[in-house]
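Trainee: Got a minute to go through this one with me? I'd like to get my bearings before I head back to the bench.

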Protein chains: 2
Amino acid sequence: MKAPIDFWFDFSSPYSYIANEWVDALAARHGRTVRRHAILLGVTFAAAELKSPVSYPIKREYSLRDFARSARLERVPYVQPAEFPIPTQNAARVFWWQHDTVGGDAAAAWARAAFRAYFTRGAALHDPAALKALAAEAGLDAGAAEAAWNDPVWKARLKRANDEAIAAGVFGAPFFVADGEPFWGNDRKPQLERWLSTGPF
Amino acid sequence: MKAPIDFWFDFSSPYSYIANEWVDALAARHGRTVRRHAILLGVTFAAAELKSPVSYPIKREYSLRDFARSARLERVPYVQPAEFPIPTQNAARVFWWQHDTVGGDAAAAWARAAFRAYFTRGAALHDPAALKALAAEAGLDAGAAEAAWNDPVWKARLKRANDEAIAAGVFGAPFFVADGEPFWGNDRKPQLERWLSTGPF
């Protein structure tokens, strides 16, 4: 059994959303599975003394164009959310609650649902009412989801995920590690695939 | 006749070096030519309030690994220079001197020679003696090259190139514009190629 691919993401990261759409198929093509880690990019940015690309005016304009174009290249539906970026700690805590109480597949299903809701119809993941509605739509108990994101247990779980990401050298998202080799960015898909296909190159 | 592809680069940028190796063939596949612009990344970084990725310790370690891996993916020889990054204004002034007094092909030949010398054998482009030796090796009059990089005319020419880059929205390198569409990074090769192949997508 080959080792899983670790995949770190933030629910407010367009490139993470795009990567979330291709990573399972890519992994499967090479007999791998994906181990997802929901994190807060703001925390890893702060640790690395970085800022979001969209916090720089000149880069922001380019980035908005590139988000949509990168999605089209992968044939992934994409509609730039009007509110962007947004705080994603509640969505991430729901991820870890599902991950630890149900399993990785349930957490992955939530990740897919939340990403798609935000990046195709601007669902307000940072708004408790909208997030509860999305949880229900995704087949979760909305009240239990809300209780989870307010629960110190799942707050601590997300904090641990952030700390582990920083310890693993993660400074952006999407971030992948395969067999110890780090790959940063949706645009590293060709390198990741080459690595899985041929081994170190 | 289709419009040329504009290509901005800094001689100290590994991703620019890699792109410089593939951009002509890519352009030719789509009936295009390349219009090169040697600039100083430090100037565009400052204008956009950005810093080099290698100025962030966590990002630096990843970047050094990614430079070499990105080169291997494109089958371009790459040896990380021990002195990195380096000031490149003299090499860039030689580029513009060749460009304006001989032509674009001569400037491109110099770009190729200088990039390869720095990124395969660590030639010190920032050292006047080493740069003169490289100029001679590249078939230029070394004394005239040195006179050019000290000449206010070519200093002003490089400054103009930097200003024009900033006006064109360039905030990093390699940076390409094809038919008004901007592409930033060696890793945007697939998007640039798709654009040239199919038009807007």
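Mentor: Sure, let's take the sheet, then the helices, then how the chains meet. Keep in mind that this is a predicted model.

Trainee: OK, what is the strand order in the chain A sheet?
Mentor: The order is β2-β1-β3-β4, in an open sheet of four strands with mixed pairing.

Trainee: Which strands of chain A stand at the edges?
Mentor: Those are β2 (34-38) and β4 (181-184) of chain A. Each has a single partner strand, so one side of each has no neighbour in the sheet. From one strand to the next, the twist averages 20 degrees.

Trainee: And in what sense do β1 and β2 of chain A pair?
Mentor: Parallel, over five bridges, with β1 covering residues 5-9. For a concrete pair, look at A:Phe7, whose bridge partner in β2(A) is A:Arg36.

Trainee: Which helix packs on that sheet?
Mentor: Helix α9 (residues 189-198) of chain A does, touching β3 (175-178) and β4 of chain A. Its direction makes about 10 degrees with that of β3(A).

Trainee: Switching to chain B, how does β3 pair there?
Mentor: It has antiparallel pairing with β1 (residues 5-9) of chain B over three bridges, and four bridges join β3(B) to β4(B), also running antiparallel. B:Phe176 is a handy landmark: B:Phe7 stands opposite this residue, and so does B:Phe183 in β4(B).

Trainee: Where do the side chains of β3(B) point, and are they buried or exposed?
Mentor: B:Phe175 and B:Val177 point one way, while B:Phe176 and B:Ala178 point the other way. All of these are buried. In a regular strand, side chains alternate between the two faces of the sheet.

Trainee: What about the hairpin of β3(B) and β4(B)?
Mentor: There are two residues between the strands, and B:Asp179 takes a positive phi near 50 degrees.

Trainee: New topic: at what angle do α4 and α7 of chain A pack?
Mentor: About 105 degrees, with the axes 8 Å apart. Therefore α4(A) and α7(A) count as roughly perpendicular to each other.

Trainee: Which residues meet there?
Mentor: From α4(A) you have A:Asn90, A:Arg93, A:Val94 and A:Trp97, and they meet A:Ala145, A:Ala148 and A:Trp149 of α7(A). By class, that contact has five nonpolar, one polar and one charged residues.

Trainee: I also spotted a Trp in a chain B helix. Is B:Trp22 buried or partly exposed?
Mentor: B:Trp22 counts as partly exposed, because there are 16 C-beta neighbours inside 10 Å and buried needs 20 or more. B:Trp22 sits in helix α1 (residues 14-29) of chain B. Leaving aside residues up to four places away in sequence, B:Trp22 touches B:Glu74 and B:Lys189. B:Lys189 is 167 residues away in sequence, yet the C-alpha to C-alpha distance is 8.9 Å.

Trainee: Last thing, how are the two chains related?
Mentor: A turn of 180 degrees and a shift of 0.0 Å along the axis lays chain B on chain A, with an RMSD of 0.0 Å. That is the relation of a two-fold axis. In chain B, the C-alpha nearest the axis belongs to B:Asp187, at 3.1 Å.

Trainee: How many residues are in contact between the chains?
Mentor: 19 residues of chain B are in contact with 19 residues of chain A. On the chain B side, α3(B) gives the largest share, six residues. That side divides into 11 nonpolar, two polar and six charged residues. 100% of the interface residues of chain B are also interface residues in chain A, so the copies meet through the same surface.

Methods: Residues are numbered from 1 along each chain as its sequence is written. Chains are lettered from A and ligands numbered from 1 in the order in which they are written. This is a predicted model: local features need pLDDT of at least 70, side-chain atom pairs count only at pLDDT 80 or more; totals for chains, interfaces and linings use all residues. A residue is buried if 20 or more other C-beta atoms lie within 10 Å of its own, exposed if 12 or fewer, and partly exposed in between; C-beta atoms are placed from the backbone. Two residues are in contact if their C-beta atoms, placed from the backbone, lie within 7 Å. Two strands pair if DSSP finds at least two bridges between them. Axes are lines fitted to C-alpha atoms, for helices over the stretch in contact, and angles run from 0 to 180 degrees between N-to-C directions. Copies are superposed by least squares on the C-alpha atoms of residues with pLDDT of at least 70 in both. Ala, Val, Leu, Ile, Met, Phe, Trp, Tyr, Cys and Pro count as nonpolar, Asp, Glu, Lys and Arg as charged, and the others, Gly among them, as polar. Angles under 35 degrees count as roughly parallel, over 145 as roughly antiparallel, 65 to 115 as roughly perpendicular and the rest as oblique.
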